[in-house]
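This briefing is meant to be read with the sequence and the model side by side. It turns to the ligand and its surroundings, and then to one position in a helix.

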Amino acid sequence: MRVILVGFMGSGKTTLGKKIANRLEIPFIDSDAEIEAHFGKSISEIFVEFGESHFREIESEYIDALDLREEFVLATGGGMPCFANNMDRLNLLGTSFYLERSPKELTNRLMNAKAKRPLVEGMEDAELLQYVENTLLKREEYYQKAHITLSRSEQEPSQVVTFMHHLRQSQSQKS
Ligand code: S3P
């Protein structure tokens, strides 16, 4: 069983992912945290030292390595699905869920959480809203490719857990 959460920075992938993993009793993984551990550097340091385009290559390679792991709930970095053919590859690995939220809400959530995110670090609030609106507009087409879109009120662990149980049942009936 592989659950993949996609969505903009600040949409709550990590918080929701941990709860789902707990309920499904499978490992929770966070691509940013694993990339940081692998390189012994923070995402901000990786951006400064290697540049964003190199970070995107690292993210693509990270997806290749996921194939070796049988079960997980993955919180992806917000940009991961939106480069190369990453979203299609994530969809082949498991069941993907898009955590949909409005630009206003994302901006509010990000206001106090900019520090570890090099793309928005240091932005004033008005600039941040503009950035979120513009970037989400470009990224939404990738996020929308997820198997399931969860609206704000559906972003509950029970929604995902119930869906995955049904999926498992229907798969075992077929085989
Ligand atoms: C990014 C999102 C971040 C992190 C990096 C770039 C993006 O992950 O991968 O700062 O391009 O949206 P979160 O979505 O966990 O903040």
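What follows describes the ligand site and then residue E57, all taken from a predicted model.

In this predicted model, the ligand sits in the largest pocket, and 13 residues are found around the ligand. E57, the other topic here, has its place in helix α4.

**The ligand and its shell**
- Of the 13 residues around the ligand, those that come nearest are K13, D32, R56, R117 and R139.
- Sorted by the character of their side chains, the residues of this shell divide into 5 charged, 5 nonpolar and 3 polar.

**Polar contacts and burial of the ligand**
- The side chain of D32 has an N or O atom that lies 2.7 Å from an oxygen atom of the ligand.
- For R56, a polar side-chain atom is placed 2.7 Å from an oxygen atom of the ligand.
- R139 likewise has a side-chain N or O atom at 2.7 Å from an oxygen atom of the ligand.
- Taken alone, the ligand exposes 380 Å², and the protein buries 95% of that area.

**Residue E57**
- Helix α4, which covers residues 52-66, is the element that holds E57.
- The relative accessible area of E57 is 45%, so this residue is classed as partly exposed, a class that lies between the limits of 20% for buried and 50% for exposed.
- E57 and A84 are 27 residues apart in sequence, while their C-alpha atoms are 8.8 Å apart in space.

How values were computed. Residues numbered from 1 in each chain as written. Predicted model: local features only at pLDDT ≥ 70, side-chain atom pairs only at ≥ 80, totals over all residues. Heavy atoms only, no water. Helix = DSSP H or I, 4+ residues; strand = E, 2+ residues; numbered from the N terminus. Buried < 20%, exposed > 50% of the residue type's maximum accessible area, 1.4 Å probe, protein only. Near = heavy atom within 4 Å. Polar contact = N/O pair within 3.5 Å; in protein donor to acceptor, adjacent residues only side chain to side chain. Areas by Shrake-Rupley, 256 points an atom, 1.4 Å probe, with all protein chains shown as cover. 1 Å grid on protein atoms, 1.4 Å probe; cavity = no way out; pocket = protein on both sides within 12 Å on 5 of 7 lines; lining within 4 Å. Sits in = over half its atoms within 2 Å of the grid points. Nonpolar A, V, L, I, M, F, W, Y, C, P; charged D, E, K, R; others polar.
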